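Student: I have a protein structure open and would like to understand how it is put together. Could we go through it step by step?

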Amino acid sequence: MFGLEALDLARMQFAFTVSFHIIFPAITIGLASYLAVLEGLWLKTREEVYRDLYHFWSKIFAVNFGMGVVSGLVMAYQFGTNWSAFSDFAGAVTGPLLTYEVLTAFFLEAGFLGVMLFGWNRVGPGLHFFSTVMVAIGTIISTFWILASNSWMQTPQGFEIIDGRVVPVDWFAVVFNPSFPYRLVHMATAAFLATAFFVGASAAWHLLRGRDNPGIRKMLSMAMWMALLVAPVQAFIGDLHGLNTLKHQPAKIAAMEGHWDNSSGEATPLILFGWPDMEREETRFKVEVPYLGSLILTHSLDKQVPALKEFPKEDRPNSTVVFWSFRIMAGLGMLMILTGVWSLWLRWRGGLFQSRPFLYLCLWMGPSGLIAILAGWFTTEMGRQPWVVYGLMRTADAVSNHSVTQMSLTLVSFVVVYFVLFGAGLGYMMRLVRKGPVTNEGKEQGIGGPGQHRTPARPLSATEEGMDDDENAVTEPRN
């Protein structure tokens, strides 16, 4: 298939399924905590706007959660079908970690999810809030175990190799490997930011279409507070993560920076833009700032960053891809910080909900968090190459013995099924977003459900109403 080998197709298939899947857990993690905050604020203040927003976003959470579970199951099977050599070599570590994720996180989420989604009128407010919090905690626990497994593949420790297989000898060292704390906090924070900009974009879309109510304003306000406070923190976490990567995976850092040679003896410049050429072993058309690479990566003005030529060709990541994926992630991070600062200025001036240029920026920044997560994931995973377990097992040695034809057919099948199935799911989820939270200011308040003016709490409620009514609601501002 297009001159690709079975290994290339297996990598493409896993990259495709992971990229599709990671979108859903990221939003699930953020929305679960957002729902817990909304319900907690409603219990504390009894302001109806928080309850309206809870019912609205709980439906979107339910659809997103379902798609995340389905898309995640496929990857677990791929370890055995496409990467059987890896499973045989490292399964004694990765298998139990993924099992712990199911036993602790998935069972916790599944146990309380039904109460959270359908128990609003069936259990007391305290128990319902507890269920929402347990679901939110479950998403964090799930992140914990998944990142523990993946981080061990990046910085393995706590094991011995016996008869050609990894045998864990210290589970604490396996789980809390050198890169795990940084990657866990970085990923969880990224999920919160991605959700904040998703929520903010939906609010901006409604405001730009003339639909202005307390729920819409509260959504935008909360999203921008999150951007203002958390985006700079994420930049700081990213810096710590970079220092950790420089220590344990220097080749990845060299590829991210497009830095080839230290023969000059001078401090490392920061290459802002350029085109790393793997064949010519140089970064072409580069625009660089002297000393800044050393300052950012080593926090000094004289230390050098490891260069790609210091590593054998067969051990170098693809700098062309990693260089640009990292810059996409970092660039979007800077835009998130800018958006948060602009929101603070508009809030101080009293124009947060009226500035159309700002609202358009929020709208276009809606997918920025998810794009940044994908770019960061590509940087992490492709920067680890050519290793599947860093320093222990090469990716070429981990793949199953499949033919090009087999891999081509399954890859095409995955692409078709994913776009049809999850495309429909995403379309339905965006349909829910377009409907927006419904408030009923000045009228008798209902909990939600058939005949009520409020947004129903049932995840499939949007299928019972035509979109014509929704479009009218958007174009006719409420009093």
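Tutor: Happy to! A residue is called buried when its relative accessible area is under 20%, exposed when over 50%, and partly exposed in between. Keep in mind that we are looking at a predicted model.

Student: Then let's use that. Is glutamine 13 buried or exposed?

Tutor: Glutamine 13 is part of helix α1. Its relative accessible area is 2%, and the cut-off for buried is under 20%, so glutamine 13 is buried.

Student: Which residues does glutamine 13 contact, leaving aside neighbours within four places in sequence?

Tutor: Helix α1 holds glutamine 13, so we look for partners elsewhere along the chain, using heavy atoms within 4.5 Å as the test. Glutamine 13 and glycine 210, for comparison, are 43 Å apart in space, C-alpha to C-alpha. The contacts of glutamine 13 are Gln78, Asn82, Met407, Thr410, Leu411 and Phe414.

Student: How many residues does the largest nonpolar core have?

Tutor: Among those with the most contacts inside this core are Tyr34, Trp57 and Phe86. Helix α1 (residues 6–45) gives the largest share, 19 residues. Another core lies apart from it, with 10 residues, including Leu246 and Trp260. The largest core has 94 residues.

Student: Leucine 220 is in that list too. What is leucine 220 in contact with, leaving aside neighbours within four places in sequence?

Tutor: Leucine 220 is one of the residues with the most contacts inside the largest core. Its partners outside those four places are Gly200, Ala203, Leu207, Leu352, Phe353, Leu359 and Cys362.

Student: Let's turn to helix packing. Why are α6 and α12 called roughly antiparallel?

Tutor: Two packed helices are described by the angle between their axes and the distance between the axes. The axes of α6 (residues 180–208) and α12 come within 7 Å and cross at roughly 155°. Angles over 145 degrees count as roughly antiparallel, so that is the name for α6 and α12: roughly antiparallel.

Student: How many nonpolar residues are in the contact of α6 with α12?

Tutor: From α6 the contact includes Met187, Ala190 and Phe197, and from α12 it includes Leu370, Ile373 and Glu381. The residues of this contact divide into 3 polar, 2 charged and 7 nonpolar.

Student: Threonine 195 is in α6 as well. Is threonine 195 buried or exposed?

Tutor: Threonine 195 touches Ala26, Ile27, Gly30 and Leu31, not counting residues up to four places away in sequence. Its relative accessibility is 3%, and the limit is under 20%, so threonine 195 is buried.

Student: Now for charges. How many salt bridges are there?

Tutor: One of them joins the side chains of glutamate 282 and arginine 280, at 2.9 Å from N to O. Some salt bridges share partners, and these join Glu281, Lys313 and Arg316 into one network. The count comes to 11 salt bridges.

Student: Glutamate 381 has a salt bridge too. What is its N to O distance to arginine 384?

Tutor: Glutamate 381 and arginine 384 both lie in helix α12 (residues 368–384), 3 residues apart, about one turn of the helix. Glutamate 381 is buried at 15%, and arginine 384 is buried at 5%. Their side chains meet in a salt bridge with an N to O distance of 2.7 Å.

Student: How many residues apart are aspartate 315 and arginine 394?

Tutor: The side chains of these two meet in a salt bridge of 2.5 Å, N to O. Aspartate 315 sits in the loop between α9 (292–298) and α10 (319–349), while arginine 394 is in strand β6 (residues 393–394). The pair links distant parts of the chain, 79 residues apart.

Student: Any backbone surprises? Which residues does the cis peptide bond join?

Tutor: Most residues other than glycine have a negative phi, and most peptide bonds are trans. Arginine 46, in the loop between α1 and α2 (48–81), has a positive phi near 60°, and tyrosine 291 has a positive phi near 70°. Proline 386 lies in the loop between α12 and β5 (387–389). The cis bond, with omega about 15°, joins glutamine 385 and proline 386.

Notes: Residues numbered from 1 in each chain as written. Predicted model: local features only at pLDDT ≥ 70, side-chain atom pairs only at ≥ 80, totals over all residues. Heavy atoms only, no water. Core = buried A, V, L, I, M, F, W, Y, C linked by side-chain atoms within 4.5 Å. Buried < 20%, exposed > 50% of the residue type's maximum accessible area, 1.4 Å probe, protein only. Helix = DSSP H or I, 4+ residues; strand = E, 2+ residues; numbered from the N terminus. Salt bridge = Lys/Arg side-chain N within 4 Å of Asp/Glu carboxyl O. Axes fitted to C-alpha atoms, helices over the stretch in contact; angles between N-to-C directions. Parallel < 35°, antiparallel > 145°, perpendicular 65-115°, else oblique. Nonpolar A, V, L, I, M, F, W, Y, C, P; charged D, E, K, R; others polar.
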